[in-house]
Amino acid sequence: MRLVISMEAYEIKTDSPEATMALAEKLGTKLMAGDVLTMEGDLGAGKTTFTKGLGKGLGVSRTINSPTFTIVKEYMGRLPLFHIDAYRLEDSEEDIGFDDYFEGGGVTVVEWAQYITAFLPAARLDIHLRIVDNQVRSIELRPGTPHFEKICKEIVA
Ligand SMILES: Nc1ncnc2c1ncn2[C@@H]1O[C@H](COP(=O)(O)OP(=O)(O)O)[C@@H](O)[C@H]1O
Ligand SMILES: [Mg+2]
């Protein structure tokens with residue numbers, strides 16, 4: 001007997017930064033401590049915009065900016081939000097103590113996650129953002145666990 005676990009991907013298209021933030025905010029309200037989200041997508045695809053919405057959903061009141069020069073920024077909301085931007089870690093293979101964030105009792109979101117794949121936990125929600133045109137973005141949610149799959153179903157419903 002073979003056990004096949006296949007989880008669907010969920011694609012949503014948004015037609016404004018506000019719509020992307022609204023989607024992410026909805027997601028943010030449903031997250032739990034220990035949740036890890038990864039984001040891949042070209043520059044300008046909307047990773048930071050998505051994170052701003054996520055912060056709103058997590059009750060973060062401070063403004064979330066791109067953490068490009070700091071790698072990790074921490075925000076306090078209903079749960080802590082750890083915002084990692086791995087852009088400058090490309091090819092470095094350096095472990096900056098990622099597990100401290102992943103297991104730090106908050107939500108971790110990683111921009112440019114493809115640069116640190118070796119350090120990512122398997123239980124995560126992968127988010128792929130793609131520029132369709134000027135204002136349109138394709139946002140694909142790929143849940144890696146039933147917990148995330150349930151959330152995905154709820155937010156696309
Ligand atoms: N549907 C959309 N969703 C998100 N951002 C959008 C959308 N349409 C236009 N934009 C613009 O695209 C840019 C996305 O930037 P940002 O979120 O910083 O991307 P990244 O972090 O992926 O480099 C912003 O200037 C934003 O206003
Ligand atoms: Mg960014």
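# Exercises on a predicted model

Thr 20 has its place in helix α1. Keep in mind that you're looking at a predicted model. The exercises below start from that threonine and work outwards.

## Exercise 1: Thr 20

Work out whether Thr 20 is buried or exposed, and find what its side chain touches.

Solution.
- Step 1. Go to helix α1, where Thr 20 sits.
- Step 2. Look up its relative accessible area, which is 3%.
- Step 3. Hold that against the cut-off: buried means under 20%. Thr 20 is therefore buried.
- Step 4. Now follow the side chain. It makes a polar contact with the side chain of Thr 14, at 2.7 Å.

## Exercise 2: Around ligand 1

Describe the residues that surround ligand 1, and say which are closest.

Solution.
- Step 1. Start with the count: ligand 1 has 17 residues around it.
- Step 2. Pick out the closest, which are Thr 20, Gly 44, Lys 47, Thr 49 and Gln 135. So the buried Thr 20 from the exercise above turns up again here.
- Step 3. Sort the shell by type. You get 3 nonpolar, 9 polar and 5 charged residues.

## Exercise 3: Atoms that come close to ligand 1

Find which atoms of Ser 16, Ala 45 and Arg 137 lie close to atoms of ligand 1, then see how much of the ligand is covered and by which elements.

Solution.
- Step 1. Take Ser 16: one of its backbone N or O atoms is 3.1 Å from a nitrogen atom of ligand 1.
- Step 2. Move to Ala 45, where a backbone N or O atom lies 3.4 Å from an oxygen atom of the ligand.
- Step 3. Arg 137 uses its side chain: a polar atom there is 3.0 Å from an oxygen atom of ligand 1.
- Step 4. Check the cover. On its own, ligand 1 has 580 Å² of accessible area, and the protein covers 76% of that.
- Step 5. Ask which elements give two or more residues to the shell: they are α1 (17–29) and α2. Helix α2 gives the most, with 3 residues.

## Exercise 4: The largest pocket

Say how big the largest pocket is, and what lines it.

Solution.
- Step 1. Read off the volume, about 150 Å³.
- Step 2. Count the lining: 14 residues. Nearest the pocket's centre are Leu 43, Lys 47, Thr 48, Glu 111 and Trp 112.
- Step 3. See where the lining comes from. Helix α2 (residues 47–57) supplies the largest share, 3 residues.
- Step 4. Split the lining by type, and you have 4 nonpolar, 6 polar and 4 charged residues.
- Step 5. Spot a residue that turns up twice: Lys 47 is among those nearest the pocket's centre, and Lys 47 is also one of the closest to ligand 1.

## Exercise 5: Two positive phi angles

Compare Trp 112 and Glu 93: where does each lie, is each buried or exposed, and what is its phi?

Solution.
- Step 1. Place Trp 112 in the loop between β5 (107–111) and β6 (125–133).
- Step 2. Its relative accessibility is 10%, so Trp 112 counts as buried.
- Step 3. Its phi is near 60°, a positive value in a residue other than glycine.
- Step 4. Place Glu 93 in the loop between β4 (80–85) and α3 (98–102).
- Step 5. Glu 93 has 72% relative accessibility, so it counts as exposed.
- Step 6. Phi of Glu 93 is near 55°, again a positive value in a residue that isn't glycine.

## Exercise 6: Along the chain and through space

For Ile 84 and Ser 61, find the surroundings and then the C-alpha distance to a partner residue.

Solution.
- Step 1. Ile 84 belongs to strand β4, and with a relative accessible area of 0% it is buried.
- Step 2. Ile 71 is 13 residues from Ile 84 along the chain, and their C-alpha atoms are separated by 5.4 Å.
- Step 3. Ser 61 is in the loop between α2 and β3 (72–76), and at 74% relative accessibility Ser 61 counts as exposed.
- Step 4. From Ser 61 to Pro 80 you go 19 residues in sequence and 12 Å in space, C-alpha to C-alpha.
- Step 5. Try one last partner for Ser 61: Thr 145, 84 residues away in sequence and 29 Å away in space, C-alpha to C-alpha.

How values were computed: Residues numbered from 1 in each chain as written. Chains lettered and ligands numbered in written order. Predicted model: local features only at pLDDT ≥ 70, side-chain atom pairs only at ≥ 80, totals over all residues. Heavy atoms only, no water. 1 Å grid on protein atoms, 1.4 Å probe; cavity = no way out; pocket = protein on both sides within 12 Å on 5 of 7 lines; lining within 4 Å. Points joined across faces, edges and corners; volume = space filled by probe spheres on them. Helix = DSSP H or I, 4+ residues; strand = E, 2+ residues; numbered from the N terminus. Nonpolar A, V, L, I, M, F, W, Y, C, P; charged D, E, K, R; others polar. Near = heavy atom within 4 Å. Polar contact = N/O pair within 3.5 Å; in protein donor to acceptor, adjacent residues only side chain to side chain. Areas by Shrake-Rupley, 256 points an atom, 1.4 Å probe, with all protein chains shown as cover. Buried < 20%, exposed > 50% of the residue type's maximum accessible area, 1.4 Å probe, protein only.
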